[in-house]
Amino acid sequence: MDQDGVTPDEQAIQTTVTLDGDGADIAHARRLAADFLARVRDGHGLTVSRRAMDLTQLVVSELVTNARKYAPGPALLDLCVIGDMVEVSVWDRDPVLPVARAADAGRVGQHGLEIVMAVAQGFEARREPVGKRVTARLALTDDPGGSLSGRPPL
């Protein structure tokens, strides 16, 4: 296993795109994620469930929305498949790390990070030499136990 936790027989499949910072970024990023996973499925023969496709687009939408809202300007979207997981990373130039707010059914909006953390198997936000990178990891296949996030049902 190497430093990224990848065994020698696992191949990383990856793409990185620059998002310009205009209003079309969110929809564009969702399409890029769907196209990427379709290529992974069709071109590499990996199983990608409908749920994984939908959740990946949801996570991309939420992370890119946060980048647009809190760090106007260019951002990077990285999509990487390693083994049976897809990693969604968004870099932006704002060094302030996001913090999930306490649950509040009366609050309108600002639930994006809570949603991402609820559906992802892994989540990380870290400062970079310039800005920050927010990463969520999602399973490509449905959990055999039927749970949406791979965690035990509540």
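1. Read from one end of the sequence to the other, the chain of this predicted model follows the pattern β-α-α-β-β-α-β-β, and the inventory behind that pattern is three helices and five strands. Of the 154 residues of the chain, 38% count as buried. As for the contacts in the chain with a separation of 6 or more, 65% of them are accounted for by residues 24 or more positions apart.

2. Strand S2, which spans residues 75-82, deserves attention in its own right, since it is described as mostly covered, with six of its eight residues buried. On one hand S2 pairs with strand S1 (residues 13-19), the two running antiparallel and being joined by seven bridges; on the other hand S2 is joined to strand S3 (residues 85-92), again by seven bridges and again in antiparallel fashion.

3. A convenient residue for following these two pairings is Cys80 of S2. Cys80 is the bridge partner of Gln14, and within S3 the bridge partner of Cys80 is Glu87. The hairpin formed by S2 and S3 leaves two residues between the strands, and in this hairpin Gly83 adopts a positive phi near 65°.

4. Which residues of helix H3 (residues 112-119) are buried, and on what side of the helix do they lie? The buried residues are Gly112, Leu113, Val116 and Val119. Because they cover an arc of only 140° around the axis, these residues are placed on the same side of H3. The cover over the buried residues of H3 includes helix H2 (50-70) together with the strands S4 (122-127) and S5 (132-139).

5. The largest pocket holds about 450 Å³ of space. The elements that contribute two or more residues to its lining are H2, S3, H3 and S5, and H2 gives the most, with seven residues. Of the 23 residues that line this pocket, those lying nearest its centre are Asn66, Tyr70, Pro98, Val99 and Leu113. Leu113 thus appears in two settings, as one of the buried residues of H3 and as one of the residues nearest the centre of the largest pocket. Taken by class, the lining comprises eleven nonpolar, five polar and seven charged residues, a breakdown that a colleague setting up a calculation on this pocket may wish to have at hand.

6. Two loop positions are worth recording, and Pro72, in the loop between H2 and S2, is taken up here. Is Pro72 buried, exposed or partly exposed? Its relative accessible area is 47%, and so Pro72 counts as partly exposed, given that the partly exposed class lies between the limits of 20% and 50%. If its neighbours within four places in sequence are left aside, Pro72 is in contact with Ala67 and Arg93. Pro72 and Asp92 are 20 residues apart along the chain, and their C-alpha atoms are separated by 8.3 Å.

7. The other loop position is Ala103, which is located between S3 and H3. Why does Ala103 count as exposed? The reason is that its relative accessibility is 73%, whereas the exposed class begins over 50%. The C-alpha atom of Ala103 is separated by 8.1 Å from that of Glu114, a residue that lies eleven residues apart from Ala103 along the chain.

How values were computed. Residues are numbered from 1 along each chain as its sequence is written. This is a predicted model: local features need pLDDT of at least 70, side-chain atom pairs count only at pLDDT 80 or more; totals for chains, interfaces and linings use all residues. Side-chain values use heavy atoms; hydrogens and water are left out. Buried means under 20% relative accessible area, exposed over 50%, partly exposed in between (1.4 Å probe, protein chains only). Helices (H or I, at least four residues) and strands (E, at least two) are DSSP runs, numbered from the N terminus. Two strands pair if DSSP finds at least two bridges between them. The arc is that of the directions from the helix axis to the C-beta atoms. Contact means heavy atoms within 4.5 Å. On a 1 Å grid over the protein atoms alone, a cavity is a set of points where a 1.4 Å probe fits but cannot get out, and a pocket is an open set with protein on both sides within 12 Å along at least five of seven lines; lining residues have an atom within 4 Å of a point. Grid points are joined across faces, edges and corners, and a volume is the space filled by probe spheres set on the points. Ala, Val, Leu, Ile, Met, Phe, Trp, Tyr, Cys and Pro count as nonpolar, Asp, Glu, Lys and Arg as charged, and the others, Gly among them, as polar.
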